[in-house]
Structures are given as C-alpha cells and as structure tokens.
Amino acid sequence: MSEVKTNVMRILDKQKVAYKHYCYEGTGAVSGAEVAAALGEDPNRVFKTLVTVGRSRQYYVFMIPVEAELNLKKAAASVGEKDVEMLKQKELLPLTGYVHGGCSPIGMKKRFPTVVHKTAENYETIIYSAGKVGYQVETSLSGLQKIVGCTTADLIL
C-alpha cells in the first residue's frame with residue numbers, strides 16, 4: 001500500500017469513520033469494472049460517483065455499482081426533481097474539486113444531496129473513490145451516511 005493520504009482519507013480519519021484504502025495506480029484500470037477487477041472485488045460492491053444537475057439547477061450526487069447505468073428518471077424521482085442530467089465533464093472540477101475518474105462523494109467543495117443505489121444496503125462495506133485517480137476507500141454505508149448524509153433508492157436501469 002502506498003502511504004498517500006487523500007483528502008477523503010483525512011476527512012474519514014477526522015470523523016473517526018473506519019475505512020480501508022486501496023491503490024490501483026499503475027494497473028491501467030480506467031473503467032469501474034477494470035477498477036473492481038484490479039482490486040479483486042465484486043463489481044456490485046464497487047460504486048462510481050456521478051454528479052448531475054436537476055431542472056431546478058440544483059446539483060445531485062448519485063452512487064451506483066460500477067457496471068450499472070444510472071436511470072435518470074429514477075434518479076430525478078429520488079430527489080423530487082422532474083428530471084436530472086449528467087453534469088458536463090468540464091464542469092466537474094470547478095464544481096466539486098475532483099476530476100473525472102477520481103470523484104468522491106466525500107470532500108466536494110460543497111455538500112450536495114447524495115443518493116446511493118439501494119443495493120449498498122446488502123453489503124457490510126462498499127468501495128468508492130478516495131478522491132484521486134488510482135485510489136479507493138472502503139467504508140460501511142453508515143460511515144458514508146455520517147459524513148455526507150446520503151439516502152438510498154433504486155437508481156439503475
């Protein structure tokens with residue numbers, strides 16, 4: 001394990017949320033499925049973080065298993081919007097402080113309503129970005145909820 005501490009890990013430490021961290025730098029893993037494979041983990045337990053904007057111009061964060069596709073209608077319904085659309089990639093860094101492929105629900109510039117796909121409730125822990133490409137953290141759903149106040153819903157196709 002590399003000794004790199006990301007901002008996400010520092011926040012988890014400060015909030016006393018137990019976590020494991022993983023580094024897959026240098027594996028060539030890019031897609032979520034490749035990341036899950038590089039970590040030797042079940043892709044249903046590895047979540048990607050997606051940022052959307054609603055018709056109201058409010059931003060929302062959705063976390064879904066890496067091999068799944070976000071259902072925009074279900075996502076919108078889960079936050080009380082008529083519809084939501086994916087944030088344009090060029091808007092991600094200025095809005096969240098994160099780059100594509102290294103976006104974590106923890107430690108964004110501002111706190112946005114966050115919804116995790118309900119299958120996260122089936123696992124003791126879930127794995128998601130540690131806020132830097134090549135790094136992931138594993139926490140309990142309750143640990144994530146303690147920090148970002150997320151809810152769960154059915155979000156995928």
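Two residues are taken to be in contact when their heavy atoms lie within 4.5 Å. With that criterion, this predicted model can be followed from a single strand residue to a helix and then to the surface.

The starting point is Glu138, which belongs to strand β7, spanning residues 135-139. Leaving aside residues up to four places away in sequence, Glu138 touches Ala18, Tyr19, Lys20, Tyr22, Arg45, Thr125, Ile126 and Ile127. One of these neighbours, Thr125, also makes a polar contact with Glu138, side chain to side chain, at 2.6 Å. The relative accessible area of Glu138 is 6%; because buried means under 20%, Glu138 is classed as buried.

Strand β7 also takes part in the surroundings of helix α5, since it is among the elements that cover the buried residues of that helix. The helix comprises residues 141-148, and its buried residues are Leu141, Gly143, Leu144, Ile147 and Val148. Viewed down the axis of α5, these buried residues fall within an arc of 160°, so they line one face of the helix. An α-helix has 3.6 residues a turn, so residues three or four places apart point the same way. Besides β7, the cover over the buried residues of α5 includes α1 (7-14), β3 (59-65), β5, β6 (126-129) and β8 (151-153). Just after α5, Gly149 adopts a positive phi of about 65°.

At the surface, Leu93, Val99 and Val133 make a nonpolar patch of about 240 Å². Val99 lies in the loop between α4 (89-96) and β5 (114-117). Its relative accessibility is 42%, so Val99 counts as partly exposed.

Definitions and conventions: Residues are numbered from 1 along each chain as its sequence is written. This is a predicted model: local features need pLDDT of at least 70, side-chain atom pairs count only at pLDDT 80 or more; totals for chains, interfaces and linings use all residues. Side-chain values use heavy atoms; hydrogens and water are left out. Helices (H or I, at least four residues) and strands (E, at least two) are DSSP runs, numbered from the N terminus. Buried means under 20% relative accessible area, exposed over 50%, partly exposed in between (1.4 Å probe, protein chains only). A polar contact is a pair of N or O atoms within 3.5 Å; within protein, one must be able to donate a hydrogen and the other to accept it, and residues adjacent in sequence count only if both atoms are side-chain atoms. Patches are made of residues with over 30% relative accessible area and no salt bridge: like charges are joined within 9 Å, nonpolar side chains (Val, Leu, Ile, Met, Phe, Trp, Tyr) within 5 Å. Accessible areas come from the Shrake-Rupley method with a 1.4 Å probe; for residues, only the protein chains shown count as cover. A salt bridge is a side-chain nitrogen of Lys or Arg within 4 Å of a carboxyl oxygen of Asp or Glu. The arc is that of the directions from the helix axis to the C-beta atoms.
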